[in-house]
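Welcome! Open your viewer, get comfortable, and follow along one selection at a time.

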Amino acid sequence: MAIALAPEISTWPDKDPQLIGSSCGTCQAVTFPPQDLCPQCSARAMSDVLLPRRGTVVAWTTQGFPPGPPYAGPTGADFTPFGVGLVQLGDVVRVEGRLTENDPATL
């Protein structure tokens, strides 16, 4: 059974999961992951907001080496490089995450 490593950042395992960010009630800045303090105006007026489910990859790379701790996956010859992307979610916020594609020719 799969478990969320950080259940506070998404609505998974909902049927249509969404990332959870924060929105500042003072300056309307949106952050991901959720934060208690606004990085733009320092207000403590942050509230949870569901982020768009789709976005546009604006930058990407492949990671050809295992991540550092707390990574517990394959290493050495068993490690498979993976794609990492910067994704613009609507006009709301950009998030970085692991992509489902790792072939630079396809990306």
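Where along the chain is the place of Glu8? Select Glu8 and you will find it in the segment before strand 1. Keep in mind throughout that you are looking at a predicted model.

**Stop 1: Glu8 and its surroundings**

Stay on Glu8 for a moment. Is Glu8 buried or exposed? Glu8 has a relative accessible area of 53%, so it counts as exposed, since the cut-off is over 50%. Now show the residues around Glu8: leaving aside residues up to four places away in sequence, Glu8 touches Ile20 and Pro34. Next, add Leu19 and draw a distance from C-alpha to C-alpha: Glu8 and Leu19 are 9.0 Å apart in space, with their positions 11 residues apart in sequence.

**Stop 2: the whole chain**

Zoom out and color by secondary structure. How many helices and strands are there in the protein chain? There are zero helices and six strands, so the pattern along the sequence reads β-β-β-β-β-β. Along its principal axes, the C-alpha trace spans about 50 × 30 × 30 Å. If you turn on the surface, you are viewing about 7,500 Å² of exposed area, of which carbon and sulfur atoms supply 54%. Of the 107 residues in the chain, 23% count as buried. Try displaying contacts as well: among those between residues at least 6 apart in sequence, 38% join residues at least 24 apart. You can also color by charge. The chain has 6 positive and 10 negative charges, and the mean positions of the two groups are 5 Å apart.

**Stop 3: the loop between strands 1 and 2**

Select Gln28, which sits in the loop between strand 1 (20-24) and strand 2. Most residues other than glycine have a negative phi. Gln28, however, has a positive phi, near 70°. Gln28 is also exposed, because its relative accessible area of 52% is over the 50% cut-off.

**Stop 4: the loop between strands 2 and 3**

Move on to the loop between strand 2 (30-31) and strand 3 (46-50), where Pro39 lies. Two further residues to select in this loop are Pro33 and Ser42.

- Pro33: the peptide bond that reaches it from Phe32 is cis, with omega near 0°.
- Pro39: this residue is exposed, with a relative accessible area of 56%. Draw a C-alpha to C-alpha distance to Gly55, and you get 23 Å for a pair 16 residues apart in sequence.
- Ser42: its phi is positive, about 70°, although Ser42 is not a glycine.

**Stop 5: strand 4 and a surface patch**

Which residues form a nonpolar patch on the surface? Select Val57, Trp60 and Leu107 to see it; together they have about 250 Å² of accessible area. Val57 belongs to strand 4, which covers residues 56-63. Why is Val57 called partly exposed? Its relative accessibility is 44%, and partly exposed residues lie between the cut-offs of 20% and 50%.

**Stop 6: one last peptide bond**

Finish at Pro70, in the loop between strand 4 and strand 5 (82-89). Most peptide bonds are trans. The bond that joins Pro69 and Pro70 is cis, with omega about 15°. For a closing look, show this bond together with the cis bond from Phe32 to Pro33.

Notes: Residues are numbered from 1 along each chain as its sequence is written. This is a predicted model: local features need pLDDT of at least 70, side-chain atom pairs count only at pLDDT 80 or more; totals for chains, interfaces and linings use all residues. Side-chain values use heavy atoms; hydrogens and water are left out. Helices (H or I, at least four residues) and strands (E, at least two) are DSSP runs, numbered from the N terminus. Buried means under 20% relative accessible area, exposed over 50%, partly exposed in between (1.4 Å probe, protein chains only). Contact means heavy atoms within 4.5 Å. Accessible areas come from the Shrake-Rupley method with a 1.4 Å probe; for residues, only the protein chains shown count as cover. Lys and Arg count as positive and Asp and Glu as negative; His and the chain ends are not counted. The place of a charge is taken as NZ of Lys, CZ of Arg, CG of Asp or CD of Glu. Patches are made of residues with over 30% relative accessible area and no salt bridge: like charges are joined within 9 Å, nonpolar side chains (Val, Leu, Ile, Met, Phe, Trp, Tyr) within 5 Å. A salt bridge is a side-chain nitrogen of Lys or Arg within 4 Å of a carboxyl oxygen of Asp or Glu.
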